[in-house]
Amino acid sequence: MGRSIADRQVEFALSAGCDTIVLIGNGASDEAIALRHIAEKAGSRVQVAAGPHALGSLAGHRGSMLVMQPGLMPSDRHLADVATMGKGGIMVLPAGVGVEAGYERIDLDRAWAGLLVLPSELLLSLQQLPDDADAAAALLRIALQAGLPEFRLEEDALTEGSLVLVRDESDATAAEDRILARALTQVPVRSASQWLAKWVLQVGARRLVARPNSVAALLFGAMLLTVAGVAVGAIGHFYLGLAMIAVAVPVLSLIHISEPTRLRR
């Protein structure tokens, strides 16, 4: 259940207008196949590069490449930043807060914010590197050596959670909390069931939903309550049936609100 970080990166790239998604690694893995389906459903093409050398073979293509650091989860707030970078640019953060949050240091003043746009002709430089080199780090160095313009983000990109780097389980949990907080601010409360589901999530029920198989169990229970409520109402116990359905509705709302916030481990 939930969506992986790679899912979210593909969705961000598609929203940024990328017409081709390049996956680095094993194209036959379950995750790569799932990502391919997401991209192709949105009308984008997918290519797989086993390593930096294969990625370098794309150097002859026109245009530019949006590069994201592994583990990075940018929010839609940064789509405008990517557009501002045009055909080439590096997004940076103040080094102090950036390095503390796990972002790669560039120098004493700057850290890479995990996003850059690279003219595709610069990919040719990857051919000079060992094929086991870290592709994202190598592309950052190539962008820096090419003197691409830099676009500086303020500290609030980290404090407000619009840019999140997930390195371990604690980072994933913190990211889920931030995503949930943003999602709850956008949820319209049009009924008592939605209000109840939102309140339950705010006081911590998401921890239950995050447990393995809990979403499936909650969904099954809600469906069972709904079917039983209809059956009970049909044999004459109208108010009892209505009460059973009334319990099922906020459970379904709870799942609907919380599931998109979860990260698949």
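**Entry 1. Terms and starting point**

I take helices (H or I, at least four residues) and strands (E, at least two) as DSSP runs, numbered from the N terminus. With this naming in hand, I looked up Gln-127 and found this residue in the loop between S6 and H6. I note at the outset that the structure is a predicted model.

How exposed is Gln-127? Its relative accessibility is 36%, so I recorded Gln-127 as partly exposed. I then looked for a residue remote in sequence from Gln-127 and noted Gly-56, which is 71 residues away along the chain. In space, the C-alpha atoms of Gln-127 and Gly-56 are 5.8 Å apart.

**Entry 2. Helix H1**

I turned next to H1, which spans residues 5–15. Which residues of H1 are buried? I listed Ile-5, Asp-7, Arg-8, Gln-9, Val-10, Phe-12 and Ala-13. The list holds Asp-7 and Arg-8, and Asp and Arg are counted as charged.

I examined Phe-12 of helix H1 separately. Its relative accessibility is 2%, and Phe-12 is therefore classed as buried, the limit for that class being under 20%. Between the C-alpha atoms of Phe-12 and Ser-75 I read a separation of 7.5 Å, although their positions lie 63 residues apart in sequence.

After H1 comes Gly-17, for which I noted a positive phi, near 95 degrees.

**Entry 3. The largest pocket**

I asked how much space the largest pocket holds. The volume is about 1300 Å³. I then looked up the lining, which comprises 48 residues, and those closest to the centre of the pocket are Ile-21, Val-22, Leu-23, Met-65 and Leu-66.

Which elements supply at least two residues each to this lining? Among the helices I entered H1, H2 (30–41), H4 (79–85) and H6 (135–145). Among the strands I entered S1 (20–24), S2 (45–49) and S3 (64–68).

I also sorted the lining by class: 28 residues are nonpolar, 15 are polar and five are charged.

**Entry 4. Salt bridges**

I counted six salt bridges in the model. I went through several of the pairs in turn.

*Within one helix.* Glu-40 and Arg-36 join their side chains in a salt bridge, with 3.8 Å from N to O. Both residues belong to helix H2, where they are four residues apart, about one turn of the helix. Are these two residues buried or exposed? Glu-40 has a relative accessible area of 42% and is partly exposed. Arg-36 is likewise partly exposed, at 26%.

*Between H7 and a loop.* Arg-77 and Asp-156 form a salt bridge at 3.2 Å, N to O. This pair connects distant parts of the chain, 79 residues apart: Arg-77 is in the loop between strand S4 (72–74) and H4, and Asp-156 is in helix H7 (residues 156–159). I recorded Arg-77 as partly exposed, with 40% relative accessible area, and Asp-156 as partly exposed, with 29%.

*Between H6 and a loop.* The closest N and O atoms of Arg-141 and Glu-104 are 2.5 Å apart, in a salt bridge. Here too distant parts of the chain are linked, with Arg-141 in helix H6 and Glu-104, 37 residues away, in the loop between helix H5 (95–100) and strand S6 (110–119). Arg-141 is partly exposed at 33%, and Glu-104 is partly exposed at 23%.

I looked further around each partner of this pair. From Arg-141 to Ile-106, which is 35 residues away along the chain, the C-alpha separation is 9.1 Å. From Glu-104 to Leu-93, eleven residues away along the chain, the C-alpha separation is 9.8 Å.

*A network.* Which residues are linked in a network of salt bridges? I found Asp-107, Arg-110 and Glu-150 joined in this way.

**Entry 5. A nonpolar surface patch**

Finally, I looked up a nonpolar patch on the surface. Which residues make it? Phe-238, Tyr-239 and Leu-242 do so, and the area of the patch is about 390 Å². I placed Phe-238 in helix H11, which covers residues 238–258.

Technical notes: Residues are numbered from 1 along each chain as its sequence is written. This is a predicted model: local features need pLDDT of at least 70, side-chain atom pairs count only at pLDDT 80 or more; totals for chains, interfaces and linings use all residues. Side-chain values use heavy atoms; hydrogens and water are left out. On a 1 Å grid over the protein atoms alone, a cavity is a set of points where a 1.4 Å probe fits but cannot get out, and a pocket is an open set with protein on both sides within 12 Å along at least five of seven lines; lining residues have an atom within 4 Å of a point. Grid points are joined across faces, edges and corners, and a volume is the space filled by probe spheres set on the points. Patches are made of residues with over 30% relative accessible area and no salt bridge: like charges are joined within 9 Å, nonpolar side chains (Val, Leu, Ile, Met, Phe, Trp, Tyr) within 5 Å. Accessible areas come from the Shrake-Rupley method with a 1.4 Å probe; for residues, only the protein chains shown count as cover. A salt bridge is a side-chain nitrogen of Lys or Arg within 4 Å of a carboxyl oxygen of Asp or Glu. Buried means under 20% relative accessible area, exposed over 50%, partly exposed in between (1.4 Å probe, protein chains only).
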